[in-house]
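Student: I should like a close look at the nonpolar core of this protein. Please set it in the context of the overall fold.

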Amino acid sequence: MDAEAYRADARERWEAAAAGWARDREDFQRDAMEVSRWMLEAVDLQPGHAVLELAAGPGDTGLMAAELVAPGGRAIITDNADAMLDAARARAKEVGATNVEIRPMEAEWIDLPTASVDAVLCRWGYMLLADPEAALRETRRVLRPGGRVALAAWDGPEHNPWIALMGRVMAERGLVEAEPPDTPGPLAFGRRPGQVEELLDAAGFDDVVVEPLDFAFHAPTLDAWWDHAIRTSGRFSRVVERLEPAEHYKLRDAIDAAYATYVRDDGSLEIPARALMAAAGA
């Protein structure tokens, strides 16, 4: 894999998807709230602490952390996509957060002094990076002695049909190519057991804990789920943009059939998801 080309392409995709994430932030966060809560409990934030959120997107978890470290503490909310940072700034203004710093940052080379923060949070970010081990080593570098990291990653496709089915149908129709086993992506840390533990150990962390957390995503209709999936995924939206109308309809029919098992009697969807939750000490 050409790491630099991957990073540039990933940044472009997240810039394009940021508006969709800002639009759907509230619904997504409602379903994923237990993930944020698990992470915050795992790092044991106290008033006066400094906490860093990496790959923050709209910044929901970091803004929750900002409340916990007040008074006297601060949250540094970061992402490498400017449009995502704009969404985080809008959300910070909406909730009236005053102890936050929102700025661009690459998780693989964290622009902070050594031993400068008490906790690092990264919800569904490390597995998307070209070099997650480097990012975790950087994470450990910026943590103070006794500081903690908490992260969320996705388990394998069998536990996450909310995203796996969309990708599988597109692959079956020849619309996306199969990726090499070492390619970063949403499900990269679920490819084999123990991968998260190995990465944290390799980065020098202690007291590593990894456990699954099951929840579900919801949508009022199949149409709403389709719209959400396309506007929040730069990869999927690229596929759909280049389709002729006839192929677009065929893809929609195949997607609807794939998700039919998760449609409830009232037409709404409840789709299983499983996060791998991890925490460790510096």
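Tutor: In this predicted model, contacts between residues at least 6 apart in sequence are dominated by long separations, with 79% joining residues at least 24 apart. The chain that makes these contacts is folded into nine helices and seven strands. Its radius of gyration is 19 Å, which agrees with the value near 19 Å that a compact globule of 282 residues would have. Taken along the principal axes, the C-alpha atoms fill a box of roughly 55 × 40 × 30 Å.

Within this fold, 53% of the 282 residues count as buried. In soluble globular proteins, nonpolar side chains tend to be buried together. Here the largest nonpolar core has 92 residues, and those touching the most other members are L52, W124, Y126, W154, M170 and F215. Helix 1, spanning residues 3–43, provides the largest share of this core, namely 13 residues. Another core lies apart from it and has seven residues, including I77, A88, A92 and I102.

W124 merits a closer view. Once its neighbours within four places in sequence are left aside, W124 is in contact with F28, A32 and V35, with A152, A153 and W154, and also with F215 and A275. Two of these partners, W154 and F215, are themselves listed with W124 among the core residues that touch the most other members.

As for the surface, the protein exposes about 12,900 Å², of which carbon and sulfur atoms supply 50%. The protein carries 30 positive and 50 negative charges, and the mean positions of the two sets are 2 Å apart.

Notes: Residues numbered from 1 in each chain as written. Predicted model: local features only at pLDDT ≥ 70, side-chain atom pairs only at ≥ 80, totals over all residues. Heavy atoms only, no water. Helix = DSSP H or I, 4+ residues; strand = E, 2+ residues; numbered from the N terminus. Rg over C-alpha atoms; globule rule 2.2 N^0.38 Å. Buried < 20%, exposed > 50% of the residue type's maximum accessible area, 1.4 Å probe, protein only. Contact = heavy atoms within 4.5 Å. Areas by Shrake-Rupley, 256 points an atom, 1.4 Å probe, with all protein chains shown as cover. Lys, Arg positive; Asp, Glu negative; His and termini not counted. Charge placed at Lys NZ, Arg CZ, Asp CG, Glu CD. Core = buried A, V, L, I, M, F, W, Y, C linked by side-chain atoms within 4.5 Å.
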